[in-house]
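Q: Please take a close look at the pocket in this structure, and then at the enclosed spaces and helix contacts that help to place it. I would like one connected account, residue by residue where possible.

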Amino acid sequence: MNQQQEAIEAREEVFIKEVISDYKLACESRETSLLGRKEVLTGKAKFGIFGDGKEVAQIAMAKQFQNGDFRSGYYRDQTFMMAIGALTIQQAFAALYAHTDIRKEPASAGRQMGGHFSTRTLEDDGNWKDLTAQKNSSADISPTAAQMPRLLGLAQASKVYRNHDGLASGFEKFSRQGNEVAFGTIGDASTSEGVFFETVNAAGVLQVPMVISIWDDGYGISVPKKYQTTKGSISELLKGLQRDSDNPGYEIIRVKGWDYPALVKAYEKGVAIAREEHVPVMIHVEDMTQPQGHSTSGSHERYKSKERLDWAKEFDCLAKMREWILSHELVSKEDLDAIEDQARKDVRTAQKAAWNDFQGEINAERSELLNILNSSEFKTAEKLQIEPLSAELAKMQDPIRRDVINSARKALRMLRGERGETRDQLITWIRQQETKNNEKYSSHLYSGSKFSALKVTEVAADFGDKPEKVDGRLIIRDNFAVLFERHPEILAFGEDVGKIGGVNQTMEGMQDRFGELRVSDTGIREATIIGQGIGMAMRGLRPIAEIQYLDYLLYAIQILSDDLATLHYRTRGGQKAPLIISTRGHRLEGVWHSGSPMGMIIHALRGIYICVPRNMRTAAGFYNTLIKGDDPALVVEPLNGYRSKEMMPVNLGDFTTPLGVPEIVEEGEDLTIVSYGSTCNLVQNAVLELRELGIRAELIDVRTLLPFDINHLIAKSLAKTNRLMIVDEDVPGGASAFILDKILNEQKGYYLLDSRPVTLTAKPHRTAYGSDGDYFSKPNVDDVVEAAYRMIRETAPDKFPDLY
């Protein structure tokens, strides 16, 4: 045999081994789906959604996924995660059972349901890992298509790293010359979502290295795609995006989900284009099947015809791959039978191991509690109460943690009024479990690392020997310029941010100075502006995403709430995206330029810091603080502050505004008034009028709503004044209710009041147009003065006669 023939045979042997390895993995993943469904139906797990039917396409995709690449996908990508080595069978079951041990379930420590995948991009201390040395998956979320905006940013980061010379050194752990591809996956039905179209359009404009895989099994739960998509085909609908010699666009590829060799070729071609040319690629994978239906919540026999179900069996990707292997005589039928049989055994073994690990931890806690409940110290009467509870807990088969804690708390209630060492042990045990369970289920909403924005040292603004008064916008602009000089990883983008420097000129001249790559205009597409920021922040950049007005943040509230606000929490500290969102709001003119939906924002965005400065110096200080930290944040610049005169600090880029630390704007002893943002400036005028009436009010600017007054400065003020007024331009019961709860309950301000607290808010409708609309729709100076006067009159009616 000559050397050429030996080489051919060696290549054939390698090829056969690869194919058989792929088939083995596909079988293991399928068995994981099948057994996973059974585990849900038997009650061991709460809900199941699996990747059956998508195995072969995902294996083909995984062959092109390299270290440094990122995935932004959805809950069918189980096989892909296994193929890149980021998910074991045992970990898949640990997630199904919601195991809270991060070592056993590294994606989310049981915080997300099974099928929601991620890799850990952070070390335990909050430092970045070397992302170029591992295969990366951004953390999944359930809302359909919501993974798409983030995908745009993950891809754009590669473009920035390839073209930004300032990042050539010092950022090696994030990119290798921008050669990374962002892989997006989405179900065909979810392409009906608006954020899908928004992302697809933006990626085509930006020309970023993104490969979108559309898994098309013909249905969105029970709704066939003829009701989902024009022409019944997303690739047919979007074929106008196909690039040509004259116009940039997409490379669009169509391939069957059961055709193993064609899938391998499709992904080899598509990913090479994206990686080398930085062109977005769309791979429409058609004729996929979903053998178990959508999820464990129902049966697809209810809405699929017998003919469709029969077709799905024939074109099942595993059946077709087996058929192809046998037709090419790569191995025997008996070999494939053995692979399938072994896959079933291996999956069952992994499932049992995951279940035993999950139950072992809970059973250990149960044993600890039973040892306390079965103590010989209890009196006869106590035993009669406790023994039935203890016996019921002991005989429980497969208890969950709730069962154990519930029994402990019931026992404590039974022992109320009793005294003794065992009861004290029970109390201690419950308290210990509370601490442990808080860590298991409620930790990591914000960063706790040394990089936390809360740990940034406060530096006061220095105005120099000859303070200069300037328009407030110049403080923001010049402060940004210093930050951009110091931090090459900072980028700013948004509608009108680039060429004209923003509608309020806070980025004036920045694009000319720092280049279009770092200061850029975007289309009118708020959701993907935020998505760009999330994705780039997850890859080590420090983006500042601008939403032109606070009212338009509502376009992006879903992405902010479901993705950014939960990222650090849902990965239990495994991922972060320190995105800064800059916007402007509060009192201007008109229904959609004067909004202040802060109640909605602070409740929807727990996990994001909310900064509401009353002037531009404070706002600039927030940017300086946040850029030193590793938390996401929203900064709402006050619209009436850009032309207001302020003193220009000489230590631009250095002075900081602390988070969660209010400022006493005016001191007083008769009444505490709490406000924020533009309204705080208005209240300051009211405080001056109140002094003319003999009332000295203390005005406190909270400065941040999240976090809120962490040192309880307001309570200290109430200890002096004993009266509280909250002035807020949100609707009644909006941010004012949040503030009131914080002061009365968390700070125990209720015990310091001599009269009922007053909240002065906007009307329950949007703000009418014009200056008169502002006056009659939101709290004005007269409202504040008269409300405060009425409060003080209660104490001294002779001194303060009735106004009306």
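A: A pocket, as the term is used here, is an open set of grid points with protein on both sides within 12 Å along at least five of seven lines, and its lining residues are those with an atom within 4 Å of a point. The structure shown is a predicted model. On that footing, the largest pocket has a volume of about 550 Å³. Its lining comprises 24 residues, and those nearest the centre are Lys46, Tyr97, Ala98, Phe358 and Ile400. Four helices each give two or more residues to this lining: H4 (89-97), H11 (333-373), H13 (401-414) and H14 (421-442). In chemical character, the lining of the largest pocket is made up of 13 nonpolar, six polar and five charged residues.

Two of these contributors, H11 and H14, also pack against each other, with an angle of about 160° and their axes 9 Å apart. Because an angle over 145 degrees counts as roughly antiparallel, H11 and H14 are placed in that class. Their crossing is left-handed. On the H11 side the contact is formed by Glu361, Glu365, Glu368, Leu369, Ile372 and Leu373, which meet Thr422, Gln425, Leu426, Trp429, Gln433 and Lys440 of H14. Sorted by class, this contact holds five nonpolar, three polar and four charged residues.

H4, another contributor to the pocket lining, leads on to the enclosed spaces. Six cavities of 30 Å³ or more are counted. The largest cavity contains about 120 Å³ of space. It is lined by 15 residues, with Phe50, Gln78, Ala92, Gly114 and Gly115 closest to its centre. Both H1 (3-41) and H4 supply at least two residues of that lining, and H4 gives the largest share, four residues. Thus H4 appears both in the lining of the largest pocket and in that of the largest cavity. The lining of the largest cavity has nine nonpolar and six polar residues, and no charged ones.

The second largest cavity has a volume of about 100 Å³. Of its 13 lining residues, Leu87, Gln91, Glu105, Ala107 and Phe117 lie nearest the centre. Seven residues of this lining are nonpolar, five are polar and one is charged.

A further helix contact, between H22 (residues 677-692) and H26 (residues 781-793), may be set beside that of H11 with H14. H22 and H26 pack at about 50°, and their axes lie 9 Å apart. The two helices are therefore oblique to each other, and H22 passes H26 in a right-handed crossing. From H22, the residues Leu682, Val683, Asn685, Ala686, Glu689 and Leu690 meet Val781, Val784, Val785, Ala788 and Tyr789 of H26. Nine residues of this contact are nonpolar, one is polar and one is charged.

Two backbone features complete the account. The peptide bond that joins Leu706 and Pro707 is cis, with omega about 0°, and Pro707 is found in the loop between strand S20 (704-706) and helix H23 (713-721). His278, a residue other than glycine, has a positive phi near 55°; it sits in the loop between helix H8 (260-277) and strand S8 (281-286).

Terms used: Residues numbered from 1 in each chain as written. Predicted model: local features only at pLDDT ≥ 70, side-chain atom pairs only at ≥ 80, totals over all residues. Heavy atoms only, no water. Axes fitted to C-alpha atoms, helices over the stretch in contact; angles between N-to-C directions. Parallel < 35°, antiparallel > 145°, perpendicular 65-115°, else oblique. Left-handed = near helix turned anticlockwise from the far one by under 90°. Contact = heavy atoms within 4.5 Å. Nonpolar A, V, L, I, M, F, W, Y, C, P; charged D, E, K, R; others polar. 1 Å grid on protein atoms, 1.4 Å probe; cavity = no way out; pocket = protein on both sides within 12 Å on 5 of 7 lines; lining within 4 Å. Points joined across faces, edges and corners; volume = space filled by probe spheres on them.
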